[in-house]
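Here is a short tour of the model on your screen, meant to be read with the structure open beside it. We start with a single side chain and work outwards.

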Amino acid sequence: MDTRLLIGTNTGLFIAESDERRKDWRISGPHHAGWQVYTASGHGDEVMAALSSGVWGPTLQRSQDGGRSWEPMDTPAFPEGSPRKLRQVWSLANQDGTLHAGVAEAALFSRKGSGAWEMNEALESHPTRERWLPGAGGLCLHTILPDRDRTYIAISSVGVARSDDGGRSWELKNDGVVAADADLAAQFAESQACCTHKLVRDPANADLLFQQNHVGVFRSADGGNSWERIESGLPSFFGFGLVMHPKDSRTLYNCPIVSQEVHMVAEGRLSLYRTRDAGDHWESLDRGLPEQCFSNVLRDSLAIDAQDPAGLYVGTTGGEVFASSDEGESWSRLPASFARVTCVKVAS
Amino acid sequence: MEAASVGAALVAARDAFPDLRRLLNDEEGRRRPHVNVFYNGVSEDEIEDPDSATTDRDEILIIQAISGG
């Protein structure tokens, strides 16, 4: 089975394709040269890309032929009179023919088929909405984990929200997500903020969640009602990306970053960390990765495919993308120097 | 593109291509700050009579700000 990566950068979208060995990559692009691509999704020949530009604003584009040709899509828009502005589309998620889009400033839009986008009113009118504060990337709704019975979203810097009624109401689920450092904990407590950087869920158990947060790595076994810290073996609690193994929900990967002040991979070398026991212990995986690296890895620049063995992909703000076809044991660099990598997605 | 008046032409230009309106104007209808639209060399903000008639050779220019370096 061929593997297709969608690589978003500050200067457009690139598509990298390989056979099932995932060793040799053919790269096309840039598609939409000059545009920032903060998220993309692909299924079959359909590819969607969320673009933004300092001049032209945010927009969505779709290809029906694997990226050879593109057409503009209807883009979500806040209702007339809304105090919010559409800054950027941060996440796209498909659910049984409904497309969801998470945007900054902190809104969830959905459209059925080719219908019109509808803004989620319950989130917009959430009782805590007026005290939500943006993180460094803006008030971005960056993660959508839709499910018929229970949907989770994550917003920087609002935290995790859960809906058990199809999006008609949302409850923030941040209890226990507290910094170990007293000063940092006090800062977040004062603003009542919770800066979730990435959220993942066990597809077979909607109660089991993991998050990479601004203040640490956390696990919840009760649908977000409570969280516990899981950082044993990590060189830093800070980071952005987090992915779960497609067949083993106890196996996860992250990429530790130095700190909130220094957005650079921990210890000056690119190294992914893996846990095989749901976060109780983490181990370094760096064979084939550069021994000296001073870039960042952004929240959507860490990806995993669904093959056996699973393939892992990591893109850096220094413009490099590395691939592993053996679950992270060894790595090789894709044969291109990109601009700042803003996302790496695996097309299905 | 055909339009009877200058003002109508500026509206029709935004509707002539998919998504062009969203690229030129934000969701509140304001033109994006780094985009200018000229009608026969005159900024659309400075057109004195939007009801004036068009002619066959009229030209609309869309220009983005260039910065950097």
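This is a predicted model, and a good place to begin is Leu184(A). This leucine counts as partly exposed because 17 other C-beta atoms lie within 10 Å, while a buried residue needs 20 or more and an exposed one has 12 or fewer. Leu184(A) sits in helix H2 of chain A.

Which residues does Leu184(A) touch once its neighbours within four places in sequence are left aside? They are Ala179(A) and Val215(A). His214(A) is also worth finding on screen: it lies 30 residues from Leu184(A) in sequence, with 9.8 Å between the two C-alpha atoms.

Now look at the helix as a whole. Helix H2 of chain A covers residues 182–191 and is hardly covered, with 1 buried residue among its 10. Just after the helix comes Gln192(A), which has a positive phi, near 55°.

Elsewhere in chain A, you can pick out an open sheet of 4 strands, arranged in the order E8-E9-E10-E11 with antiparallel pairing. Its edges are strand E8 (88–95) and strand E11 (118–119) of chain A, each of which pairs on one side only. Strand E8 of chain A is joined to strand E9 (residues 98–104) of chain A by 7 bridges in the antiparallel sense. If you want one pair to locate by eye, try Asn94(A), whose bridge partner in strand E9 of chain A is Leu99(A).

Next, the meeting of the two chains. Here 12 residues of chain A are in contact with 11 residues of chain B. On the chain A side, the elements that give two or more residues are strand E6 (57–63) and strand E7 (71–73) of chain A. The residues on that side fall into these classes:

| Class of residue, chain A side | Number of residues |
|---|---|
| Nonpolar | 6 residues |
| Polar | 4 residues |
| Charged | 2 residues |

Finally, the partner itself. Chain B has 2 helices and 3 strands, which follow one another as α-α-β-β-β from the N terminus on. Its C-alpha trace spans about 40 × 25 × 20 Å along the principal axes. What share of the 69 residues of chain B counts as buried? The figure is 7%. Among contacts in chain B with a separation of 6 or more, 53% are between residues 24 or more positions apart.

Terms used:
Residues numbered from 1 in each chain as written. Chains lettered and ligands numbered in written order. Predicted model: local features only at pLDDT ≥ 70, side-chain atom pairs only at ≥ 80, totals over all residues. Contact = placed C-beta atoms within 7 Å. Nonpolar A, V, L, I, M, F, W, Y, C, P; charged D, E, K, R; others polar. Pairing = 2+ DSSP bridges.
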